[in-house]
Amino acid sequence: MGCKFSDLRRKEVINIKDGSKYGYVSDVEVDTENARLCAIIVYGRLRCFGILGREEDYVIRWEDIQMIGDDTILVNCRLALHRKKRQGGFFSGLFSGG
């Protein structure tokens, strides 16, 4: 079965261990040497409409994906791996001294 990245972005990621919803696929991590998908990334939720930036991103390894359905991606992981918080937010440039 083939799947385009644009199709992945419309799918909601749900953890089957506890039923928690992480959000929708925002990005993917690809191993360019072996041409394979390593992980899917769900961006963290906006804080205060994005003015205060975002929460941490969820990085879910390909091995933790159990099923890719029409509308959802079911994952089986105790805790999603987090990537470092991205810099951002409306006020981040105002207070950084730059």
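Is F49 buried or exposed? That was my opening puzzle, and I kept in mind that this is a predicted model.

**Entry 1: F49 and its surroundings**
I looked up F49 and found that this residue is exposed, because its relative accessible area is 79% and exposed means over 50%. Next I asked where F49 sits along the chain. I found F49 in the loop that runs between strand 4 (36–42) and strand 5 (57–61). Then I checked for a surface patch and noted that F49, I51 and L52 make a nonpolar one of about 350 Å².

**Entry 2: aromatic rings**
How many aromatic pairs does a search of the whole structure find? My search turned up one. The partners are Y22 and Y58, with 4.5 Å from centre to centre and 35° between the planes, so I wrote the pair down as tilted, because that word covers angles that are neither under 30 degrees nor over 60. I also noted that the pair links distant parts of the chain: Y22 belongs to strand 2 (residues 21–24) and Y58 to strand 5, 36 residues apart. I looked up their accessibility too, and both Y22 and Y58 are buried.

**Entry 3: a hairpin**
Staying with strand 2, I asked in which sense strand 1 (residues 12–15) pairs with strand 2. The sense is antiparallel, and I noted three bridges between the two strands. Opposite V13 I found G23 of strand 2. The hairpin formed by strand 1 and strand 2 has five residues between the strands. There I noted G19, which takes a positive phi near 75°.

Conventions. Residues are numbered from 1 along each chain as its sequence is written. This is a predicted model: local features need pLDDT of at least 70, side-chain atom pairs count only at pLDDT 80 or more; totals for chains, interfaces and linings use all residues. Side-chain values use heavy atoms; hydrogens and water are left out. Patches are made of residues with over 30% relative accessible area and no salt bridge: like charges are joined within 9 Å, nonpolar side chains (Val, Leu, Ile, Met, Phe, Trp, Tyr) within 5 Å. Accessible areas come from the Shrake-Rupley method with a 1.4 Å probe; for residues, only the protein chains shown count as cover. A salt bridge is a side-chain nitrogen of Lys or Arg within 4 Å of a carboxyl oxygen of Asp or Glu. Helices (H or I, at least four residues) and strands (E, at least two) are DSSP runs, numbered from the N terminus. Buried means under 20% relative accessible area, exposed over 50%, partly exposed in between (1.4 Å probe, protein chains only). Rings of Phe, Tyr and Trp (its six-membered ring) pair if their centres lie within 6.5 Å; planes under 30 degrees apart count as stacked, over 60 as edge-to-face and the rest as tilted. Two strands pair if DSSP finds at least two bridges between them.
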